[in-house]
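The exercises below are to be worked with the sequence and the coordinates at hand. Each task is followed by a solution in steps.

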Amino acid sequence: MKSLSLATPNPMLTTPVQKLGLALLATSVFYILYEGLRLKSLPAEPLTLLAFFVLITGLWLFLRDERIDFSKNTNSLAVWMRSLSARGIWGWLVGIVLTEFYVCLYWVPQYMAGMIQLFDPFSQVFRHKPADQWFVYGAFYTFFVLVMGVRFIFKYRHSRYHLVRTISVMFFQLGFSFLIPGLLLRLQEPELYFTYFWPLAYSNATPDTWSWQSQTSIGAWFFFFGLAMFFVGTPILTYFFGKRWYCSWVCGCGGLAETAGDPFRHLSDKSLKAWKIERWMIHSVLVFVVAMTALLWINVVTGRGLLGSASEGFYKTYSFLIGAAFSGVVGVGFYPLMGSRVWCRFGCPMAAWLGLWQKKASKFRITSNGGQCISCGNCSTHCEMGIDVRAYAQQGQDVVRSSCVGCGICATVCPRGVLRLEGSDKDIPERTTQKRTVHIKLEDVKML
Amino acid sequence: MHIVILGNGISGVTCARFLRKLSDHDITIVSDESDEFFSRTALMYVYMGHMRLRDTMPYEPWFWEKNRIQRVRARVERIDFQQKKLLSTEGNSIGYDKLVIALGSQSNKFGWPGQDLDGVHGLYHLQDLEAMERHSAGLSADKAGGRAAIVGGGLIGIEMAEMFHSRKIPVTFLVREKAFWNNILPEEEAEMVTRHIKEHHIDLRLETELKEILSYNALPEGKGTCAAIVTNKGETIPCGFVGLTVGVSPNIGFLKNTALETNKGVLVDEHLQTNLPDVFAIGDCAELREPQNGRRSIEAIWYTGRMMGETAAYNLIADLEPQAQRSIANRPTFGKPMAGKKSKIENRKSYRPGIWFNSAKFFDIEYQVYGDIRTQVPDIQSTLYWEHPNGKKSIRINYEHESGKVVGFNLMGVRYRHEVCTQWIQEGAPIETVLQQLGLANFDPEFSTQYEAEIVAIYNRQTGKNLILKQRRGLSAVLEFLTH
């Protein structure tokens, strides 16, 4: 059995060009981190620009020779053999660097001063404002969604579904999470992100937000728009399209997971235990954020008499634990270790809310095609949400799971054409029953 | 009662699962191959790095304990049908009250010189995959003799070609026929796959057979590692691995010349019972005495193995007192109860696999078949064949031209719905009805092009009729069709 431990990277599978690319990448990252940490600011000099140039060149050289035969549809070839995507040395290294980046970003942004300085001219031209760490973050984030989005489209280019939804997430990230907020600032309006709603954007519905946002008409409008999306938009859109209208078509967190996170999607935990933890955790976060927001308002309404400063403490706890540590540090930092949807699956309160509607009142499901499943496990392995798709498919049962973001990869990697994302209003309450399985003998025996 | 299942492939495991659904008997699965049940059809994806071996295992380890299915790792070398016990090579014995033989297949070898050399393997068992992995290290395009030779143009052969190709190991592929798998596929489809194989730069040798496998000169004949193959055309091709994929046959060597009646496989009746009381046989190793009309007596495929496993489970407990059977409505461990089920099983079930279906994937081209598709269209049938200009997709519908009844669908690179096609074939739906409703069958992903109108156009051209496609892809219409 030793010979089958394929997680050991096979040296045959990294070309000399890729090794060169990785060496350039590592050297430039090291230089940037070293200089940034040593001086607490990066000298805005040619050497720094060169470092960024080398970084991008290295990345490009690595991706260029990735062992995917680009003339063929070999989607997930060798993902379990490459160090980066199989929790090898490179996977850990990238995970650690990403985690450190998020720690800097949230808690010690002074270590990013050099990088912020580097982005300052761009920010001045674009937003008429000096750069801060969030501008740097937004720029990086958008860059990765776009670059890795192009890679994703190329990888799955035989599928029009992936083409359309990837263009969609790239569009929403670039337009609604980067350009429009920047332009609003330039126009001296509040910096608003139209595709993030409460409770994912947990501060969007707090009294503090209301007090500053209501000063402008667009701000006031957005406050109510966000609430309407939560209470009305989500149930309606989810009824027609499933949770995917948001999670894998619009959302920025989802956008990063679908593009930059794609090489790591198979690392999600498929065990029953993980599913149990998931259900407890994500619904607890939803309860937490609802209670926290309610308390903040009660506190304001009662003139801070009832709770004193306790509700602010509650808010600070949430923003530290969930807003920063969970969604950022773990959510993205751990991509190469736990897969690309850790936050979306275990933590996001918006996903929990969408999931409730998807499970209870939606046309959406993934249909299993009769008895054609061969239990191979490609669908489950490559499900970023850790759903054991095979458990349903091999019984000829449709998949209805609150966590499913409708990315459609299970249907794409299925070698037997067994899965299809689709919707119907004919059988919403019985979507999961086995009435449509193929019989061995018509009278009585059902296929498993 | 103790039911022992010999073999933990899809047949044996399905049988165990249904036995547990239906009863509280003691169940033991015996296997020599592996501790865990894995999907045999997925072995290629492990080699290609899509999955780890554990990802091919449909059930987590807790599953077996929770459902009280005991698993024993042992190689059984003899069965004492009189004393009702299995004897392992280590001298242990396992007693049974009822026995299910689900031993699966072994790769065929036809007596070629050198067929037992090191580096000569089929691809069926886990151990075959391990052998491929072991030998791959020495194979590469840069090395003389660093190529893999594959003998036999069937489903396993093309899988093996894809596996080596994924690691950039050059492949020579010997196929006896004029086009790949043309003993199963109609001509156009066989040509399509043949083209596709060549596109991947596989050195495909059609109408070529293996004559012998050579080892290095210094070694005595039949010893050592393979060095080259010699074809029936006299050509010697150096290679470091030889894949023998010329079909499989029932893996029942040690059961020959026992009280158990065998031919190629273990002979079973329609209830999957052998000539011996309390002994059943299922899956690849079972040979039906009277197969359903138009079907073969041995069908070594995943789907039939699964259906046999379930059928046998019913029959194993059919002659027992009803109180020994568990009420299905109350079964605690397997999800929701099956709707409309009676609480006890009165009768034995015949094995009736229904309308034929199968599927495969040839490199990038998916293949699905429903119903009766022959290599040569019989006189009483007509065929409608549409092929995409890119030569990688096709749809074929066969029907009887007298009655108009649709008899089969053959799909390449296009996905069709199993239930819809089956229902049409079962009902003998007329071709013109089917064509007008053809969108019901479409199972391709959202936004993908629908080709049904083109098939209707071909029919119109062939018959001078003027049919119009009325139904496009969509689940709501399908649900209505299936429940009407």
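**Exercise 1.** In this predicted model, find which residue of β2(B) stands opposite Ile3(B), then describe the sheet around that pair.

Solution.
- Step 1. The residue facing Ile3(B) is Ile27(B) in β2(B).
- Step 2. Strand β1 (residues 2-6) and strand β2 (residues 26-31) of chain B run parallel and are joined by five bridges.
- Step 3. Both belong to an open sheet of five strands with parallel pairing, in the order β3-β2-β1-β7-β19 (chain B).
- Step 4. At the edges are β3 (69-73) and β19 (279-281) of chain B, each of which pairs on one side only.
- Step 5. From one strand to the next, the twist averages 20°.
- Step 6. Helix α1 (residues 10-22) of chain B packs on this sheet and touches β1, β2, β3 and β7 (98-101) of chain B. The direction of α1 makes about 170° with that of β2(B).
- Step 7. Helix α7 (residues 302-316) of chain B lies across β1, β7 and β19 of chain B, and runs at about 165° to β19(B).

**Exercise 2.** State which residue is the bridge partner of Ala149(B) in β11(B), and work outwards to the sheet and the helix packed on it.

Solution.
- Step 1. Ala149(B) has Thr172(B) as its bridge partner.
- Step 2. Four bridges pair strand β10 (residues 148-151) with strand β11 (residues 171-175) of chain B in the parallel sense.
- Step 3. The open sheet has five strands in the order β9-β16-β10-β11-β12 (chain B), with parallel pairing.
- Step 4. Its edge strands, β9 (120-121) and β12 (203-206) of chain B, each pair on one side only.
- Step 5. Helix α5 (residues 155-166) of chain B packs on the sheet, where it touches β10, β11 and β16 (241-244) of chain B. Between the directions of α5 and β11(B) the angle is about 170°.

**Exercise 3.** Give the domains of chain B and the separation of the centres of domain 1 and domain 3.

Solution.
- Step 1. Chain B is divided into domain 1 (2-106 + 249-330), domain 2 (120-246) and domain 3 (357-483).
- Step 2. Taken over C-alpha atoms, the centres of domain 1 and domain 3 of chain B are 36 Å apart.

**Exercise 4.** Describe the side of chain B that touches chain A. Which element supplies the largest share of that side?

Solution.
- Step 1. The contact involves 58 residues of chain B and 58 residues of chain A.
- Step 2. Elements of chain B that each supply at least two residues include α1, α4 (126-136), β22 (365-371) and α11 (475-483).
- Step 3. The largest share, seven residues, comes from α7(B).
- Step 4. By class, this side of chain B has 22 nonpolar, 16 polar and 20 charged residues.

**Exercise 5.** Characterise the packing of α3(A) against α12(A).

Solution.
- Step 1. The axes of α3 (residues 89-107) and α12 (residues 310-330) of chain A come within 9 Å and cross at roughly 150°.
- Step 2. The crossing of α3(A) with α12(A) is right-handed.
- Step 3. From α3(A), Thr99(A), Tyr102(A), Val103(A) and Tyr106(A) take part; they meet Ala324(A), Gly328(A) and Val329(A) in α12(A).
- Step 4. The residues of this contact comprise five nonpolar, two polar and no charged.

Definitions and conventions:
Residues are numbered from 1 along each chain as its sequence is written. Chains are lettered from A and ligands numbered from 1 in the order in which they are written. This is a predicted model: local features need pLDDT of at least 70, side-chain atom pairs count only at pLDDT 80 or more; totals for chains, interfaces and linings use all residues. Axes are lines fitted to C-alpha atoms, for helices over the stretch in contact, and angles run from 0 to 180 degrees between N-to-C directions. A crossing is left-handed if the near helix is turned anticlockwise from the far one by less than a right angle, and right-handed if clockwise. Two residues are in contact if their C-beta atoms, placed from the backbone, lie within 7 Å. Ala, Val, Leu, Ile, Met, Phe, Trp, Tyr, Cys and Pro count as nonpolar, Asp, Glu, Lys and Arg as charged, and the others, Gly among them, as polar. Two strands pair if DSSP finds at least two bridges between them. Domain bounds come from an automatic or database domain assignment.
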